[in-house]
Amino acid sequence: MSKIPAFGLGTFRLQDQVVIDSVRNGLELGYRSLDTAQIYGNEAEVGAAIAASGVRREDLFLTTKIWVDNYHPEKLVPSLKASLAKLRTGYVDLTLIHWPAPGNGVAVETFMGALADAKAQGLTRQIGISNFNIELTRQAIAAVGKEAIATNQIELSPYLQNRTLVAFLQSEGIHVTSYMTLAYGKVLSDPVIGAIAQRLNASPAQVVLAWALQLGYSVIPSSTKRENLAGNLLAQTLRLNAEDMAQIAALERNGREVDPAGLAPMWD
């Protein structure tokens with residue numbers, strides 16, 4: 001697989017047997033795109049669940065993310081090789097720089113060059129960025145070229161629509177991946193979302209995920225419940241009309257959930 005799948009399974013905050021069960025259930029239900037990261041501390045469990053599933057490696061799309069401690073060129077490739085060993089695979093489909101961490105002493109051009117080197121070595125099929133603002137994305141483009149950057153994975157929900165950044169990424173041909181699409185579940189009790197869900201005989205989560213998919217974003221929701229994993233998949237066939245989309249567009253409130261000091265950039 002080369003193109004980034006529109007629908008994936010996230011594993012953020014899932015540990016030990018919980019993540020094994022989530023990945024196993026997801027794979028049984030038909031998920032084929034899995035998102036993890038070095039800092040999640042669950043790559044080995046994700047790898048174990050994949051191995052036990054019997055799903056062929058070539059049918060999967062695996063994403064991991066390089067943690068800040070490993071941005072130095074002497075560390076990045078070895079850290080990715082360690083991730084591959086945990087995931088029990090010879091390559092991942094996509095590797096992202098997890099946070100720009102502007103003050104950590106490794107320049108964007110340096111870590112992007114190291115990431116491009118990992119791709120050249122065949123350790124990852126595609127490379128990209130996560131949590132980058134416009135200025136830092138420009139620096140990443142200057143380092144490796146925009147065609148080399150498969151996606152910018154950003155927090156994006158009905159409460160944080162990131163329109164300025166999204167417009168820039170789309171103008172550069174860089175795919176948008178939305179994480180925290182449900183805003184830690186906060187949008188699920190929104191009356192606007194609820195009314196749309198009721199009319200469409202769908203769940204609030206399905207409505208929100210369908211909204212993001214219709215805007216052209218990839219989504220990677222996570223769940224520990226099999227019924228929610230199954231329900232989320234149904235968002236792919238849900239169609240919102242123009243009025244629905246406009247109502248959700250009006251929910252913007254700059255509702256950022258994740259903004260770690262020292263890791264996050266100055267947001268656009």
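## Strand β7 and its partners

In this predicted model, strands β7 and β8 (residues 218-219) run parallel and are joined by two bridges. Within this part of the structure, Ser218 in β8 stands opposite Thr177.

Strand β7 also pairs with strand β6 (residues 149-155): five bridges join them, and these strands too run parallel. One place to look is Glu155, whose bridge partner in β7 is Tyr179. To get from β6 to β7, the chain passes through helix α6 (residues 163-171), and the resulting β-α-β crossover is right-handed.

## How covered is β7?

How many of the five residues of β7 are buried? Four of them are, so strand β7, spanning residues 175-179, is mostly covered. If you are following side chains along a strand, it helps to recall that in a regular strand they alternate between the two faces of the sheet.

## Ser22 in helix α1

Now let's turn to a single residue. Ser22 is found in helix α1, which covers residues 16-29. Is Ser22 buried or exposed? Its relative accessibility is 1%, which is under the 20% cut-off, so Ser22 counts as buried.

What does the side chain of Ser22 reach? At 2.8 Å lies the backbone oxygen of Ser223, a pair worth displaying on your screen. Ser223 is also among the residues in contact with Ser22 once neighbours within four places in sequence are left aside. The others in that set are Leu9, Leu14 and Leu229.

Conventions. Residues are numbered from 1 along each chain as its sequence is written. This is a predicted model: local features need pLDDT of at least 70, side-chain atom pairs count only at pLDDT 80 or more; totals for chains, interfaces and linings use all residues. Side-chain values use heavy atoms; hydrogens and water are left out. Helices (H or I, at least four residues) and strands (E, at least two) are DSSP runs, numbered from the N terminus. Buried means under 20% relative accessible area, exposed over 50%, partly exposed in between (1.4 Å probe, protein chains only). A polar contact is a pair of N or O atoms within 3.5 Å; within protein, one must be able to donate a hydrogen and the other to accept it, and residues adjacent in sequence count only if both atoms are side-chain atoms. Contact means heavy atoms within 4.5 Å. Two strands pair if DSSP finds at least two bridges between them. A crossover is right-handed if, with the strands pointing away from the viewer, the path from the first strand over the helix to the second runs clockwise.
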